[in-house]
Amino acid sequence: MPLRDRLLAVTVAVCWGLNFLAIHLSLAQFPPFLLVALRFALIAVPTVLLVPRPAVAWRWILGYGIGFGVLQFVFLYLAMDTGMPTGLASLVLQSSAPFTVLLAGLLLRERVDARQAAGIALAVLGLGGIAVHRAGLGGGATLLPVLLTLCGGLGWAFGNLANRQARTSEPLRLTLWMSIVPPVPMLVLSLATEGPDRIAACFTGLGSRQGVLALAGLLYTVLVATLLGSGLWTALMARHPSSVVAPFSMLVPVVGIGASWLLLREPTPPAELLLGALVVAGVLLGSSRRTQSARTGNTSAVAIPATPSPRPVNPSPSDVVAETLTGAPAASDSTVSASARR
């Protein structure tokens, strides 16, 4: 992965790490399922009216929307609403990274080399150490919220696979159109479980300090976390294998815990800082691939049978998509066309 794309992946991690604080503020005013519906409805309505649909099969749009938009956030918001601490939620949700790598290997037959496996193991070790340390400090998480957050991470992983399979040259459009999937099922779920009375009550007092902060959190979630963060993430997943991109999500809890310390005055012990550095090292190791064998002509160590080459040398992403759809010209075709020009 080139340096530019690594920096973009880190930018996404920062956007998503701060998003947990925004969710925390919004949940103080809105019930969780309604909040998910509002989050995506604010994007879905102008998208349907103004944005052309990307050249992607509906199954990948629906798969991305259900996995990333519905399953991830229905479990995450419910977990946070039932007592999952903000910092710990940002940590446990990053189970999506190993889930993504595992599912990509099983379903897409993406091969994970030794360097990537070691990097992921190192990052998971750091995340696990932070979780154990938090539990030892009495972080307040019970078993149910943790399990709900893990289910959210699994949903995110399924969304990653659909995102990867779309291989779009229009990542922003895919992100926007993915957002049309969650509002209706989440609104139905909200009406069925939270009830009209609770829904109506949450719209009173929006002018109060709590209401203004909740709206600000919702605005951040829509504009920064979803449009900017998910748009960049979609572009990265289209250009690189899932096993290369997914480990960067493990940086999210480092940002989330650091932001909680700065903005919410939550103390961050030195042990967690060291473990966070371990996560960073694991992500950097897992996101790089050995290229020496490719230079000598032996590419079996990094081959990914079910997907195109993750790093085309010359073509742009749109050229890669066009070549995937139409097929690369054969050598004989090139010779004939050259002769014709003569």
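How do the residues of the lining of the largest cavity divide into nonpolar, polar and charged? The legends below start with that view; keep in mind that this is a predicted model.

**View A. The cavity and the residues around it.** The residues lining the largest cavity split into nine nonpolar, three polar and one charged. There's just one cavity of 30 Å³ or more in the structure, and the space inside the largest cavity comes to about 100 Å³. Helices α1 (3-27) and α3 (58-81) are the elements that each give two or more residues to this lining. In total, 13 residues line the largest cavity, and those nearest its centre are Trp16, Asn19, Gln72, Phe73 and Leu93.

**View B. Helix α2 against helix α9.** Here α2 (residues 32-50) packs on α9 (residues 183-193), with the two axes 8 Å apart and an angle of about 155 degrees between them. Angles over 145 degrees count as roughly antiparallel, so that's what to call α2 and α9. Their crossing is left-handed. On the α2 side, look for Phe33, Leu34, Val36, Ala37, Phe40, Ala41 and Ala44. Facing them from α9 are Pro183, Met186, Leu187, Leu189, Ser190 and Thr193. Sorted by class, this contact has eleven nonpolar residues, two polar ones and no charged ones.

**View C. Helix α7 meets helix α11.** This close-up takes in α7 (residues 143-166) and α11 (residues 209-239), which pack at about 60 degrees with their axes 8 Å apart. That angle makes the pair oblique, so don't expect α7 and α11 to run side by side as roughly parallel helices. The crossing of α7 past α11 is right-handed. From α7, the contact residues are Trp156, Asn160, Asn163 and Arg164. Their partners on α11 are Trp233, Thr234, Met237, Ala238 and Arg239. You'll find a mix of classes in the contact of α7 with α11: four nonpolar, three polar and two charged residues.

**View D. Helix α8 meets helix α11.** The helix α8 (residues 171-178) also packs on α11: their axes come within 8 Å and cross at roughly 125 degrees. So α8 and α11 are another oblique pair, and α8 passes α11 in a right-handed crossing. What does each helix bring to the contact? Helix α8 supplies Pro171, Leu172, Leu174, Thr175 and Leu176. Helix α11 answers with Thr226, Leu227, Ser230, Gly231, Thr234 and Ala235. By class, the contact of α8 with α11 counts six nonpolar and five polar residues, with no charged ones. If Thr234 rings a bell, that's fair: this α11 residue is listed in the contact with α7 and again in the contact with α8.

Definitions and conventions. Residues numbered from 1 in each chain as written. Predicted model: local features only at pLDDT ≥ 70, side-chain atom pairs only at ≥ 80, totals over all residues. Heavy atoms only, no water. 1 Å grid on protein atoms, 1.4 Å probe; cavity = no way out; pocket = protein on both sides within 12 Å on 5 of 7 lines; lining within 4 Å. Points joined across faces, edges and corners; volume = space filled by probe spheres on them. Helix = DSSP H or I, 4+ residues; strand = E, 2+ residues; numbered from the N terminus. Nonpolar A, V, L, I, M, F, W, Y, C, P; charged D, E, K, R; others polar. Axes fitted to C-alpha atoms, helices over the stretch in contact; angles between N-to-C directions. Parallel < 35°, antiparallel > 145°, perpendicular 65-115°, else oblique. Left-handed = near helix turned anticlockwise from the far one by under 90°. Contact = heavy atoms within 4.5 Å.
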